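Reader: I should like to learn how a protein chain is read from its model. May we go through one together, step by step?

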Amino acid sequence: MFPLKNKDGQVVSFYGRSIAATGKNKHYYLKNSQGLYPAYPPAGTQKLLITESIIDTATLLQINSITSNFTLLAAYGTNRLTQEHLEAISRLTYLGEIVFFFDGDDAGRRATTKYAEQIHFLLPKVSISHIETPDGEDPNSLYVTYEESYILELLNSRKQLYS
């Protein structure tokens with residue numbers, strides 16, 4: 001279970017992830033869920049790293065060299081960068097860069113393109129880039145399989161989408 005927070009930092013909903021090996025649905029949101037994970041980005045955010053999932057964000061929160069340079073925010077899958085996400089991002093007056101770190105599959109690549117276009121339309125002066133996640137991988141699987149240095153190498157070789 002992961003708490004979703006409103007702009008005041010209050011827990012307003014939850015996301016649950018099934019770890020059972022069987023069953024089709026592994027993601028659970030409360031009906032009419034709201035809130036962001038891990039929280040609304042602070043007003044002073046300059047660099048924002050957006051992942052495809054809460055698990056990926058929770059994983060990257062463990063890497064100090066990322067959290068000391070980026071604010072992290074989880075999308076809720078490839079189809080749920082919500083209006084609440086977009087409003088929170090659009091309020092970041094010091095924001096200079098957004099980096100997408102989605103899964104290395106067709107859905108992750110399509111979502112990156114779609115959300116980068118949406119945000120570029122909202123914030124045309126913000127630089128937008130993405131991490132080229134290897135095929136079949138995601139931030140969590142990379143963290144489990146490789147050392148942190150590999151994730152940092154991917155981050156440092158991110159590709160510009162909009163500048």
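Reader: What percentage of the 163 residues of the chain count as buried?

Author: Please note that this is a predicted model. A residue counts as buried when its relative accessible area is under 20%. Of the 163 residues, the share that meets this condition is 44%.

Reader: In what order do the elements of the chain run from the N terminus on?

Author: The chain has six helices and eight strands. Written from the N terminus on, with β for a strand and α for a helix, the order is β-β-β-β-α-α-β-α-β-α-β-α-α-β.

Reader: What is the radius of gyration of the chain, and how does the globule rule bear on it?

Author: For 163 residues the globule rule gives 15 Å. The value of the chain is close to this, so the chain is as compact as a globular protein of that length. The radius of gyration is 15 Å.

Reader: Is T51 buried or exposed?

Author: T51 is placed in strand 4, which covers residues 47-51. Leaving aside residues up to four places away in sequence, T51 touches several residues, including L60, L73, F101 and F102. The limit for a buried residue is under 20% relative accessible area. The value for T51 is 0%, so T51 is buried.

Reader: Which residue has a side chain that is joined to that of T51 by a polar contact?

Author: The residues that T51 touches include D56 and T57. A polar contact of 2.5 Å joins the side chain of T51 to that of T57.

Reader: How many aromatic pairs are there by the rule for rings?

Author: Ring centres must lie within 6.5 Å for a pair to count. By this rule the number of aromatic pairs is four.

Reader: Why is the pair of F100 and F102 classed as it is?

Author: The ring centres of F100 and F102 are 5.6 Å apart, and their planes stand at 80 degrees. Planes over 60 degrees apart count as edge-to-face. The pair of F100 and F102 is therefore edge-to-face.

Reader: How many residues apart in sequence are the parts that the pair of F102 and Y115 ties together?

Author: F102 and Y115 form an edge-to-face pair, with 6.2 Å from centre to centre and 65 degrees between the planes. F102 lies in the loop between strand 6 (97-101) and helix 4 (106-122), whereas Y115 lies in helix 4, so the pair ties together parts whose separation in sequence is 13 residues.

Reader: Which residues form one aromatic cluster with F102?

Author: F102 pairs with F100, and F102 also pairs with Y115. Both F102 and Y115 are buried, and F100 counts as buried at 0% relative accessibility. The residues that form one cluster with F102 are F100 and Y115.

Technical notes. Residues numbered from 1 in each chain as written. Predicted model: local features only at pLDDT ≥ 70, side-chain atom pairs only at ≥ 80, totals over all residues. Heavy atoms only, no water. Phe/Tyr/Trp six-rings, centres within 6.5 Å; stacked < 30°, edge-to-face > 60°. Buried < 20%, exposed > 50% of the residue type's maximum accessible area, 1.4 Å probe, protein only. Helix = DSSP H or I, 4+ residues; strand = E, 2+ residues; numbered from the N terminus. Polar contact = N/O pair within 3.5 Å; in protein donor to acceptor, adjacent residues only side chain to side chain. Contact = heavy atoms within 4.5 Å. Rg over C-alpha atoms; globule rule 2.2 N^0.38 Å.
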